[in-house]
Amino acid sequence: GRPGWHLECSVMSKSILGDTIDIHAGGEDLQFPHHENEIAQSETCTGANFANYWLHNSMITVDKEKMSKSKNNFFLLKDIEKEFDLEVIRLWLLSVHYRNPIDFSHDTLVATKNSLERLYTAKRFLNRILDNSSEKEEKDDNIKTFREKFEQAMDDDINTADAISVLFDFIKYINKNYNENTSKNILLDAKKLMDDISYVLGILFKEDDDDLDSEIEDLIEQRNSARKEKDFKKADEIRDKLLSMGIVLKDTRDGVIWERSN
C-alpha cells in the first residue's frame, strides 16, 4: 500500500547502491508520484543527491494504444520469441528514442528482421573482402566521420534511433566503396568501427559458418553475373540451389541480402 512501495525502493537503493546512484531508469508513468517520493525520502534521509541522471522511457503501444493487461492487448516475450529472434526485438526497441512511444506490430517486426539481416550481410561481406585484401598504407577519413556521428547520437540523450541510422549509412558506404582491392588497413578500420557500434548496441554478436558463408557469397556473385548477362535461367537455377540449402535471397535497393529459412 501507499506509501510503502515508494519507501521500499528508497531502502533497497540505499542498501544495495549507496546514498547516490548514477543512473535511475523507469517508465514515464512512474515519474510522479513514485520517483518524486523516492527523491524526497532518500534525500531527506541521507542529505545527498539521490540520482545524477534520470532515464524515463515511454510506453509500448499496440495499434497506438498503451500495452496493458487491463486492455488485454499485451504480448509475452516468450510468445514473440517463437517467431522472431530476440535480437530482432532488441533492434526494434533501439530503433526509436527511449523517451518516445514505440508501436508494436507484426509487420514492424518483419521489417526489423529484414533490417537486421542487411546488417549481418554487410558484416559477412566486410569479413570476406578483408580476407582477400592486400597491405597498403591507405586511410579513409570517412570512417572517422561515421564514428563521430555515432558518438554524437549516443551523447544526445542516448539517441539510439539516430545511432542506428548512422550504422545503416555506414554499411551503404561499405557496399558502395569497398571491395577486394581496398586496402586492408581501411577494411580493418571499418571492421573496428562496426564491431564497436555493435558492442555498444548489443547486436551482430552471432558468428556464422565461414565456409558456408563463402560458398553462399560465391553463388550470389554468380547469380548477379548471370542476371547482368540476362541469363535468367541460370540465375533462377542458382536461386533454387540456394533455397535447397536453406538460404532465401531477397533483392533490395541496396543489393542482394540472404537469410536462413526457418
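## Helix α6: length and ends

The expected span of a helix is 1.5 Å times one less than its number of residues. In this predicted model, helix α6 runs over residues 141-155. With 15 residues at 1.5 Å a residue, α6 should span 21 Å, and the C-alpha atoms at its ends are indeed 21 Å apart, so expectation and model agree.

Both ends of α6 show a local feature. At the start, a side-chain oxygen of Asp-140 comes to within 3.0 Å of the backbone nitrogen of Asn-142. After the helix comes Asp-157, whose phi is positive, near 55 degrees.

## Helix α6: two sides

Which residues of α6 are buried? They are Ile-143, Phe-146, Phe-150, Ala-153 and Met-154. These residues cover an arc of only 95 degrees around the axis, which means that they lie on the same side of α6. Among the elements that cover the buried residues of α6 are α7 (160-177) and α8 (184-201).

The other side of α6 carries exposed residues, namely Asp-141, Lys-144, Gln-152 and Asp-155.

## The chain as a whole

The protein chain has ten helices and seven strands. Its radius of gyration is 24 Å, whereas the globule rule gives 18 Å for 262 residues; the value is well over the rule, so the chain is more spread out than a compact globule. Along its principal axes, the C-alpha trace spans about 75 × 50 × 25 Å.

Of the 262 residues in the protein chain, 37% are buried. How many of the contacts between residues at least 6 apart in sequence join residues at least 24 apart? The share is 72% in the protein chain.

## Confidence of the prediction

The average pLDDT of the protein chain is 89, and 94% of the residues score at least 70. Among the elements of the chain, α6 has the highest mean pLDDT, at 98, while strand β7 (residues 255-260) has the lowest, at 72. Where pLDDT is low, the predicted coordinates should not be read in detail.

## Buried residues in α5 and α9

Thr-121 belongs to helix α5, which comprises residues 106-131. With a relative accessible area of 12%, Thr-121 is buried, because the cut-off for a buried residue is under 20%. Apart from neighbours within four places in sequence, Thr-121 is in contact with Val-256, Ile-257 and Trp-258.

Ile-216 is located in helix α9. Is this residue buried or exposed? Ile-216 is buried, with a relative accessible area of 0%. When its neighbours within four places in sequence are set aside, Ile-216 is in contact with Leu-242, Met-245, Ile-247 and Trp-258. Trp-258 thus appears among the contacts of Thr-121 and among those of Ile-216. In addition, Ile-216 and Phe-125 are separated by 91 residues in sequence and by 11 Å in space, C-alpha to C-alpha.

## Helix α2

Helix α2 covers residues 31-46 and contains Asn-37. At 27% relative accessibility, Asn-37 counts as partly exposed. Between Asn-37 and Ile-80 there are 35 Å in space, C-alpha to C-alpha, and the two are 43 residues apart in sequence.

Pro-33 also lies in α2. The peptide bond from Phe-32 to Pro-33 is cis, with omega near 10 degrees.

## Backbone geometry in two loops

Most residues other than glycine have a negative phi, and most peptide bonds are trans. Against this background, two loop residues deserve a separate account.

Asp-157 sits in the loop between α6 and α7. Its phi, near 55 degrees, is a positive value in a residue other than glycine. Asp-157 is partly exposed, with a relative accessible area of 30%. Lys-230 is found in the loop between α9 (210-228) and α10 (232-244). The phi of Lys-230 is near 60 degrees, again a positive value in a residue other than glycine. At a relative accessible area of 62%, Lys-230 is exposed.

Definitions and conventions. Residues numbered from 1 in each chain as written. Predicted model: local features only at pLDDT ≥ 70, side-chain atom pairs only at ≥ 80, totals over all residues. Heavy atoms only, no water. Helix = DSSP H or I, 4+ residues; strand = E, 2+ residues; numbered from the N terminus. Buried < 20%, exposed > 50% of the residue type's maximum accessible area, 1.4 Å probe, protein only. Arc of directions from axis to C-beta. Contact = heavy atoms within 4.5 Å. Polar contact = N/O pair within 3.5 Å; in protein donor to acceptor, adjacent residues only side chain to side chain. pLDDT = per-residue confidence, 0-100. Rg over C-alpha atoms; globule rule 2.2 N^0.38 Å.
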